[in-house]
Amino acid sequence: MTAIALSALDNKERISDCLAKIGISARFLLSLINDILDMSRIESGRMSLAHEKFDFEEMINGLNSLFYPQAEEKGLKFNTVIEGMTEELYIGDSLRLRQILLNILSNALKFTPEGGRIQFTIRQMSRGDKDAWLRFTVSDTGIGMSEEHIHHVFERFYQIDAQHTGSGLGLALVEAFVQLHKGTVRVESEKGKGTCFRVVLPMKQEGEVKE
């Protein structure tokens, strides 16, 4: 792309197209490198979770502001529902939580064709003295998966098909981060009828933080 741009310096449209493709490629490579580094840290036992106060609503709003425009551009309906929440602040690793949700939502966006729907539901299932259990559900009306694909979906570098490429590490990292949180992740899918991911995680409540 850089070679093409250099050979067409008097063609602004061609240069603009090249720069756009270079930007997309650069972001993909950066994402791939970060995923590989995270997987390496996990496998070597050097990955640990942060234990910090974070604004839960702010994090969800950030995800919504990222995915609503992308869904609209692709001709999809994107809806977020929050149920039964009693806390504004939780204690945990907001970066890794965001990564879990980002990877699952990106997957739904990638595999749902125009005219489809993505539903993102967050529910506080229970609240104890120390922990609150949250369930995150992402369901779509996308291409779905066969039983064979479901059994392999969390494997590293596994690709469902050649048309929808990625790093092949997104869902493997989801499973690894969920395990680090001592939570669970489940997937249900049917070919041609969509997919549903359910993640259940414990979150420390704001009152538990120690200064």
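1. In this predicted model, the side chains of Lys204 and Asp131 form a salt bridge in which the closest N and O atoms lie 3.1 Å apart. The pair links distant parts of the chain, since Lys204 belongs to strand S7 (residues 194-205) and Asp131 to strand S5 (residues 131-140), with their positions 73 residues apart in sequence. Both partners fall in the intermediate class of accessibility: Lys204 is partly exposed, with a relative accessible area of 31%, and Asp131 is partly exposed at 25%.

2. The Lys204 pair belongs to a total of five salt bridges in the structure. Another of them joins Asp17 to Lys21, with an N to O distance of 3.2 Å. Here the two residues both sit in helix H2 (residues 12-43), four residues apart, which is about one turn of the helix. Asp17 is partly exposed, at 34% relative accessibility, and Lys21 is likewise partly exposed, with a relative accessible area of 40%.

3. A further salt bridge is made by Lys193 and Glu190, whose side chains meet at 3.5 Å, N to O. The partners fall in separate accessibility classes: Lys193 has a relative accessible area of 61% and therefore counts as exposed, the cut-off being over 50%, whereas Glu190, with 45%, is partly exposed.

4. Turning to the rings, the structure holds five aromatic pairs. One of these is formed by Phe56 and Phe136, whose ring centres are 6.2 Å apart and whose planes meet at 40 degrees, so the pair is classed as tilted. Because Phe56 lies in helix H3 (residues 56-74) and Phe136 in strand S5, the pair ties together parts that are 80 residues apart in sequence. Phe56 is buried, with a relative accessible area of 3%, and Phe136 is buried too, with 2%.

5. Phe154 and Phe197 form an aromatic pair with an edge-to-face arrangement, at 6.3 Å centre to centre and with 80 degrees between the planes. This pair also links distant parts of the chain, with Phe154 in the loop between helix H5 (147-152) and helix H6 (170-180) and Phe197 in strand S7, 43 residues apart. Both Phe154 and Phe197 are buried.

6. The aromatic contacts extend to a group of three, in that Phe56, Tyr90 and Phe136 form one aromatic cluster. Strands S5 and S7 recur across these points: strand S5 holds Asp131 as well as Phe136, while strand S7 holds Lys204 as well as Phe197.

Key. Residues are numbered from 1 along each chain as its sequence is written. This is a predicted model: local features need pLDDT of at least 70, side-chain atom pairs count only at pLDDT 80 or more; totals for chains, interfaces and linings use all residues. Side-chain values use heavy atoms; hydrogens and water are left out. A salt bridge is a side-chain nitrogen of Lys or Arg within 4 Å of a carboxyl oxygen of Asp or Glu. Buried means under 20% relative accessible area, exposed over 50%, partly exposed in between (1.4 Å probe, protein chains only). Rings of Phe, Tyr and Trp (its six-membered ring) pair if their centres lie within 6.5 Å; planes under 30 degrees apart count as stacked, over 60 as edge-to-face and the rest as tilted.
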